[in-house]
Amino acid sequence: MKMDSNKIYKSEAATSHLPGMLHEAAKPKMRGENVNVFYGEKQALFDVNLDIGANEVTALIGPSGCGKSTFLRCLNRMNDTIDICRVTGKITLDDDDIYDPKIDVVELRARVGMVFQKPNPFPKSIFENVAYGPRIHGLSRNKTDLEEIVVTSLRRAGLFQEVKDRMHQPGTGLSGGQQQRLCIARAIAVSPEVILMDEPCSALDPIATATVEELIDELRENYTIVIVTHSMQQAARVSQKTAFFHLGNLVEHGDTDEIFQNPREERTKNYITGRIG
Amino acid sequence: MLVLWALLFILALSATGFFLGRQRALSLVNGDQRNLHSMPKYYGSNVALKALVPAALLLVVWSIAQPLYVNYSISSSIPESAVSETSSLGLLMAEVRRVADGLDSTVAQGTISDELARDPNADLNSITEGFKSAGQILTSEITRPMLQAAQSYRSMRRDGRFYMIIAVVALSLLGLIWGIRETQPRFRARNVVENGLKVLLISAASIAILTTIGIVLSLIFNTYEFFTLYPASDFFFGTSWAPSFSGRGGSSDLGILPLLWGTLYISLVALVVAVPIGLFAAIYLSEYAGPQLRAMAKPMLEVLAGIPTIVYGLFALLTVGPLLLAVFGDEGVGIMQAGTAVMTAGLVMGIMLIPFVSSLSDDIINAVPQSMRDGSYALGATQSETIKKVVLPAALPGIVGAILLAASRAIGETMIVVLGAGAAARMSLNPFEAMTTVTAKIVSQLTGDADFSSPEALVAFALGMTLFVITLGLNIIALYIVRKYREQYE
Ligand SMILES: Nc1ncnc2c1ncn2[C@@H]1O[C@H](COP(=O)(O)OP(=O)(O)OP(=O)(O)O)[C@@H](O)[C@H]1O
Ligand SMILES: [Mg+2]
């Protein structure tokens, strides 16, 4: 297997408005080294080496069952909730090994947030959904502070205008696209550094999808984003880096433009043009 | 006895019909079943059903209708003068039936000859003698009109049975012949059997429903009768329960409040025990326990649910009562007089309800989608935060439903209270005092010789009706809540 995990990204984050980012840009936010994942006896990921650049969008693509979600769930240790799942290798966040027994998983998940494929708002009010994270982490000093956080998060997620008059109605009463944006608002309310999104648009219509994509593009400014998608167009539209998985192997990764226009591997080319998958 | 034979006969006939029908169908097409509309067994089943169903129906209807008819025609033939001697026609008819049954068994034992038993002018003394030597007990003296009524009752009953058997057997045979004649290659036996099965299932369902309706109606009528003898306001608002058994009515106090108080108090204690323990056990089993432990512990908890309540009652009487008495009795704190008390019954009932609460809550907690939990974990919540803030609130309506169902079981529970709570109807706040419940009093009002024309016995129906209304209400609310909650995720 050909791997060049040492490849250094010329980050798109150079376009960032945050001046401090310019030096950081070369250094990946997260890094996976020789990641193997087993579900019981069955191995789902084989020696994956992948860097996630700061303040850019990395898209994970590949046919169904190739291990995209599995890799994504390794990044915030959501795999811990699956009894039979075992992870080996090293994954770092800002150079800290996140599988170190000393690490606080709860804090890790506050730093690496996640948005799921199917919108899963809690059966609480819209306000309470967004306030959930800040409340458990004690991010606000008082009530106005909390309201501030909720409103900012909803505004960032592009949902505030639609729900500002119904903040105290159940979040489950929103449309699918609104629910997904609510989940995004919920995730950014705890100010994570990385946001993982597992097919966030698969349940959405084209208009809601466009809203979410615009949102991802805006969020890139302040967050590092990893997105799993089955839509080549979406990957091409929103991401700067793309990683192609096949049968548990990371086949190829690099700049999105390059992967789509000039793939090095035959398998990548076949997948992008629709011949495998 | 004869009815049983008749039933066996039509069953045998219908079994024979099955084979005959199948045989005939096959032989009509020279054994090539492709030329039949349906499989041969359907032709057999068709014949079997025709031989069985109408005859069995007739048997049932006749068995119900005949006693009604005989009763009616006998009671209208009894002269007025005979009725006025005893208190009422109903009592006299009961006596007549008793004499008729007595005649049957004395004749069977041979102490009275059949001729004497049939003779309308038979000597009353020799009949009474015959009854006595056969060990038959009579509550009042046999009079001539009573004897004659009993004799015609006997003969009508015997004739009725005789004609019934003939009719049933004949109908069964007719059905058999009809079914066999229908058996032609193009006959759609399969569809007929399909319909026949449907009718069978419908009748099973309607028997279940009709008996329930019947029970409720009898509750209502008897409750009504009770309220004609005893004022409803005294029943519902009376604070004293002191039935007298000396005479009919009069001095009894039949207020339900002390009993309701006992019922609710004991149920409350039971729920205070069962709800937290059951709920926490369910949370542990569904959220924390590993698969192996879960596979072990769940069935073990459910074994608790299979223990008969009388065993729990013994446990209350022999173990929990003395234990509590040792601590809270005169030797200890000094607020408990005897082993039977609200606390004893409540604790044991609580233990009984634990598996009920835990297995219902477990189902409900498991029904909360995993994606809710994942959403919470992904925001950096710990497991207990997730349970407290996401899982339990989402499951709350269902859990409330489970608690209400448990409450309605607690209210209806009898054996544990009979053995564990004592028999004193009182309204007190001290949970270490003996109290009693509605169910326990229903038992004690009806054990022994109950005279169902006295308010002391009829009150049982009013008590039962009250309980029924309360538990029905609780169940309806519980089911409504549970269903409402299910809709949320589907
Ligand atoms: N909880 C699990 N238990 C056992 N095996 C699993 C589990 N989750 C995933 N797998 C297996 O791991 C492999 C990778 O699954 P994964 O969910 O990562 O695929 P994916 O790339 O996300 O696919 P999709 O595009 O369909 O979502 C699959 O073969 C799958 O069967
Ligand atoms: Mg997936």
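Asp47(A) sits in strand E2 of chain A, which spans residues 42-53. The model is a predicted one. Asp47(A) is partly exposed, because its relative accessible area is 34%, and values between 20% and 50% fall in that class. Its backbone stands out as well. The phi of Asp47(A) is near 40°, a positive value in a residue other than glycine. Most residues other than glycine have a negative phi.

Arg77(A) also has a positive phi, near 55°, and is likewise not a glycine. Arg77(A) belongs to a loop of chain A. That loop runs between helix H2 (68-75) and strand E4 (85-93). Arg77(A) counts as buried, because its relative accessibility is 12% and the cut-off for burial is under 20%.

A third residue of chain A, Val151(A), lies in helix H5, residues 143-156. Val151(A) has a relative accessibility of 23% and therefore counts as partly exposed. Between the C-alpha atoms of Val151(A) and Gly133(A) there are 14 Å. Along the chain, these two residues are 18 residues apart.

Chain A as a whole combines eleven helices with ten strands. It has 277 residues, and 55% of them are buried. Its contacts reach across the sequence. Of those between residues at least 6 apart, 68% join residues at least 24 apart. The accessible surface of chain A is about 12500 Å². Carbon and sulfur atoms account for 48% of that surface.

Chain B is built from 18 helices and two strands. Of its 490 residues, 40% count as buried. A compact globule of 490 residues would have a radius of gyration near 23 Å. For chain B the value is 31 Å. Along the principal axes, its C-alpha atoms fill a box of roughly 85 × 75 × 35 Å. Chain B exposes about 25300 Å² of surface, with 67% of it supplied by carbon and sulfur atoms. Among its contacts with a separation of 6 or more, 72% involve residues 24 or more positions apart. Chain B carries 31 positive and 33 negative charges. The mean positions of the two sets are 15 Å apart.

In soluble globular proteins, nonpolar side chains tend to be buried together. The largest nonpolar core here has 56 residues. Phe226(B), Phe235(B) and Leu463(B) have the most contacts inside this core. Phe226(B) touches residues beyond its sequence neighbours within four places. These partners are Phe235(B), Leu254(B), Pro455(B), Leu458(B), Val459(B) and Ala462(B). Another core, of 43 residues, lies apart from the largest one. Its members include Val57(A), Val150(A), Leu174(A) and Val212(A).

Two partners of Phe226(B), namely Leu254(B) and Leu458(B), lead to further residues of chain B. The first link is to Ser240(B). Ser240(B) is found in the loop between helix H9 (232-237) and strand E1 (241-242). With a relative accessibility of 31%, Ser240(B) counts as partly exposed. Ser240(B) and Leu254(B) are 14 residues apart along the chain, and their C-alpha atoms are separated by 6.7 Å. Residues up to four places away in sequence aside, Ser240(B) touches Asp253(B), Leu254(B), Gly255(B) and Pro258(B).

The second link is to Gln445(B). Gln445(B) lies in helix H17 of chain B, residues 438-446. Gln445(B) counts as buried, because its relative accessibility is 4%. From Gln445(B) to Leu458(B), the C-alpha distance is 8.8 Å. In sequence, Gln445(B) and Leu458(B) are 13 residues apart.

Helix H14 of chain B covers residues 370-378. Seven of its nine residues are buried, so the helix is largely enclosed by the rest of the structure. The buried residues of H14(B) are Met372(B), Arg373(B), Asp374(B), Gly375(B), Ser376(B), Tyr377(B) and Ala378(B). Gly380(B) follows H14(B) and has a positive phi, near 90°.

Note on methods: Residues numbered from 1 in each chain as written. Chains lettered and ligands numbered in written order. Predicted model: local features only at pLDDT ≥ 70, side-chain atom pairs only at ≥ 80, totals over all residues. Heavy atoms only, no water. Core = buried A, V, L, I, M, F, W, Y, C linked by side-chain atoms within 4.5 Å. Buried < 20%, exposed > 50% of the residue type's maximum accessible area, 1.4 Å probe, protein only. Contact = heavy atoms within 4.5 Å. Helix = DSSP H or I, 4+ residues; strand = E, 2+ residues; numbered from the N terminus. Rg over C-alpha atoms; globule rule 2.2 N^0.38 Å. Areas by Shrake-Rupley, 256 points an atom, 1.4 Å probe, with all protein chains shown as cover. Lys, Arg positive; Asp, Glu negative; His and termini not counted. Charge placed at Lys NZ, Arg CZ, Asp CG, Glu CD.
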